[in-house]
Amino acid sequence: MSSSKSKAPKKPTLKSQIESLEVSVKDEKDKFLRLFAEFENYKRRTSKERLELYKTAGKEVLTSLVPVLEDFKRALNQENSDSVTNEGVKLIYNKFNETLKSQGLIEVEVNIGDIFDPEIHEAISQIPATEDDQKGKIIDIIQGGYRLGDNIINFPKVVVAQ
């Protein structure tokens, strides 16, 4: 029999095992922190989306009711000989307007003489200015505008002096 020594695999030292485990723990900790950060971002994003959806859930319905509100305004501006009918229209308009406000519909404030801003106003016509200081300003308001939260859903239609 020959006495050949078989080489046994070298046993890792305790120090190298500890170092290996420390590296492994560090990698796992890094993966955990990244996953946790991703999850926090996901929660924040979905929460923000849910809040935005809640704010604008009735957008289509409110948008479709804006022309009715504008018709009420026009009816109130008409001269009517029947004061009872006029009072009834006022009451209905006020109730309807308050209901829409409670749902988040806000009228965009626009006045004659304001500077035209294409981000907020919709110019449906331009007329020559009679005075130089009128140029670029609103001369007439054809229809009011409305916003729901931060989004304008119906731009005010205005006439601008050029």
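1. Let's start at a hairpin: Y146 sits opposite N154, a residue of strand β5. Bear in mind that this is a predicted model. Y146's strand, β4 (residues 145-148), pairs with β5 (residues 151-154) in the antiparallel sense, over three bridges. Two residues lie between the strands, and G149 in the turn has a positive phi of about 70°.

2. Now for helix α3 (residues 83-102). With 20 residues at 1.5 Å each, α3 should span 28 Å, and its end C-alpha atoms are indeed 28 Å apart, so the two agree. Just after α3 comes G104, with a positive phi of about 105°.

3. Which residues of α3 are buried? They are N86, V89, Y93, F96, N97 and L100. Looking down the axis of α3, you'd find its buried residues within an arc of 100°, so they line one face of the helix. They pack against α2 (59-77) and β1 (105-108). Turned away from that buried side is a face carrying the exposed residues V84, L91, K95 and S102.

4. On to charges. Side chains of opposite charge can pair when their charged atoms come close. The salt bridge count here is ten. One of them joins K31 and E28 (3.7 Å, N to O); these two are three residues apart in helix α1 (residues 14-55), so about one helical turn separates them. K31 is exposed because its relative accessibility is 53%, over the 50% cut-off, while E28, at 46%, is partly exposed.

5. E40 and K43 also form a salt bridge, with their closest N and O atoms 3.4 Å apart. They too are three residues apart in α1, about one helical turn. Finally, E70, K73 and E107 are linked in a salt-bridge network.

How values were computed:
Residues numbered from 1 in each chain as written. Predicted model: local features only at pLDDT ≥ 70, side-chain atom pairs only at ≥ 80, totals over all residues. Heavy atoms only, no water. Pairing = 2+ DSSP bridges. Helix = DSSP H or I, 4+ residues; strand = E, 2+ residues; numbered from the N terminus. Expected span 1.5 Å × (residues − 1). Buried < 20%, exposed > 50% of the residue type's maximum accessible area, 1.4 Å probe, protein only. Arc of directions from axis to C-beta. Contact = heavy atoms within 4.5 Å. Salt bridge = Lys/Arg side-chain N within 4 Å of Asp/Glu carboxyl O.
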